[in-house]
Amino acid sequence: MFKEEVCCNLGVGQQVPDFELDTYDPSKGNFGKVSLKKLKKAGKWTILFFYPADFTFV
Amino acid sequence: MGAEVITVSTDTQFVHLAWHRDEKMLEKVKYPMGADPTGDVSMLFGVYDENTGLDLRGTFIINPQGTILNSEVNFYNMGRNIDELMRKFKANLHLSKHENEGCPAKWKEEGDKTLKPSPDLVGRVYEALQ
């Protein structure tokens with residue numbers, strides 16, 4: 001998805017390139033997409049929460 | 001509070017649907033569950049583990065201008081504290097509206113003492129926090 005120059009291992013203080021992710025949206029009960037571009041346009045803060053795998057613990 | 005929370009794992013959106021439907025503990029989860037099976041976005045943030053194809057437990061707070069302001073990454077077996085996440089987010093919100101201030105280590109919420117860096121503060125932080 002990303003050009004060589006922006007990949008990878010971004011650090012604090014760096015700009016995040018516009019990315020998109022397919023999603024399951026429980027509030028709509030449907031699949032969707034999130035786009036950083038759209039979130040920035042809407043003036044929103046974004047909190048990304050990565051985790052290993054569904055159906056596991058912790 | 002004006003933030004879009006997005007969870008991400010390398011599972012597909014179909015697995016997210018099945019998990020949300022099955023696991024009672026997720027009933028209250030209403031935010032988008034991102035799918036990153038290729039690991040592209042995870043690699044961008046440095047949380048993709050090539051050995052397992054899974055993501056480490058990383059949290060990143062990004063402001064509306066697209067800059068990463070906070071990052072926290074834990075190994076698989078250690079969960080993240082949500083109170084701490086809330087504290088950091090509230091601090092970020094406060095600081096975005098008060099650009100000449102700093103939130104000291106004990107800052108917990110709006111109304112707590114902040115620091116206003118200036119020549120007067122040099123060597124006098126103790127007094128400023130009383």
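User: Which strands does helix α3 of chain B lie across, and at what angle does the helix run to β5(B)?

Analyst: In this predicted model, helix α3 (residues 82-97) of chain B lies across β3 of chain A together with β1, β5 and β6 of chain B. The helix runs at about 15 degrees to β5(B).

User: Why is A:Asn9 called exposed?

Analyst: Exposed means 12 or fewer other C-beta atoms within 10 Å. A:Asn9 has 11 such neighbours, so it counts as exposed. As for where A:Asn9 sits, that's the segment before β1 (20-25) of chain A. A:Asn9 and A:Ser27 are 31 Å apart, C-alpha to C-alpha, with their positions 18 residues apart in sequence.

User: What makes β2 (30-35) of chain A and β6 (68-74) of chain B edge strands?

Analyst: The open sheet has seven strands, in the order β2(A)-β1(A)-β2(B)-β1(B)-β3(A)-β5(B)-β6(B), with mixed pairing. β2(A) and β6(B) each pair on one side only, and that makes them the edges.

User: How do you know that β1(B) and β2 of chain B pair?

Analyst: Pairing takes at least two bridges. Three bridges join β1(B) to β2 (residues 33-35) of chain B, so the two strands pair, and they run parallel. Within them, B:Thr7 stands opposite B:Met33.

User: What makes up the largest nonpolar core, and which strand gives the most to it?

Analyst: That core has 22 residues, and those with the most contacts inside it include A:Phe50, B:Val8 and B:Phe45. β3(A) gives the most, with five residues. A:Phe50 itself touches several chain B residues, among them B:Val8, B:Phe45 and B:Val47.

Technical notes
Residues are numbered from 1 along each chain as its sequence is written. Chains are lettered from A and ligands numbered from 1 in the order in which they are written. This is a predicted model: local features need pLDDT of at least 70, side-chain atom pairs count only at pLDDT 80 or more; totals for chains, interfaces and linings use all residues. A nonpolar core is a set of buried Ala, Val, Leu, Ile, Met, Phe, Trp, Tyr and Cys residues joined through C-beta atoms within 7 Å. A residue is buried if 20 or more other C-beta atoms lie within 10 Å of its own, exposed if 12 or fewer, and partly exposed in between; C-beta atoms are placed from the backbone. Helices (H or I, at least four residues) and strands (E, at least two) are DSSP runs, numbered from the N terminus. Two residues are in contact if their C-beta atoms, placed from the backbone, lie within 7 Å. Axes are lines fitted to C-alpha atoms, for helices over the stretch in contact, and angles run from 0 to 180 degrees between N-to-C directions. Lists of a residue's contacts leave out its neighbours within four places in sequence.
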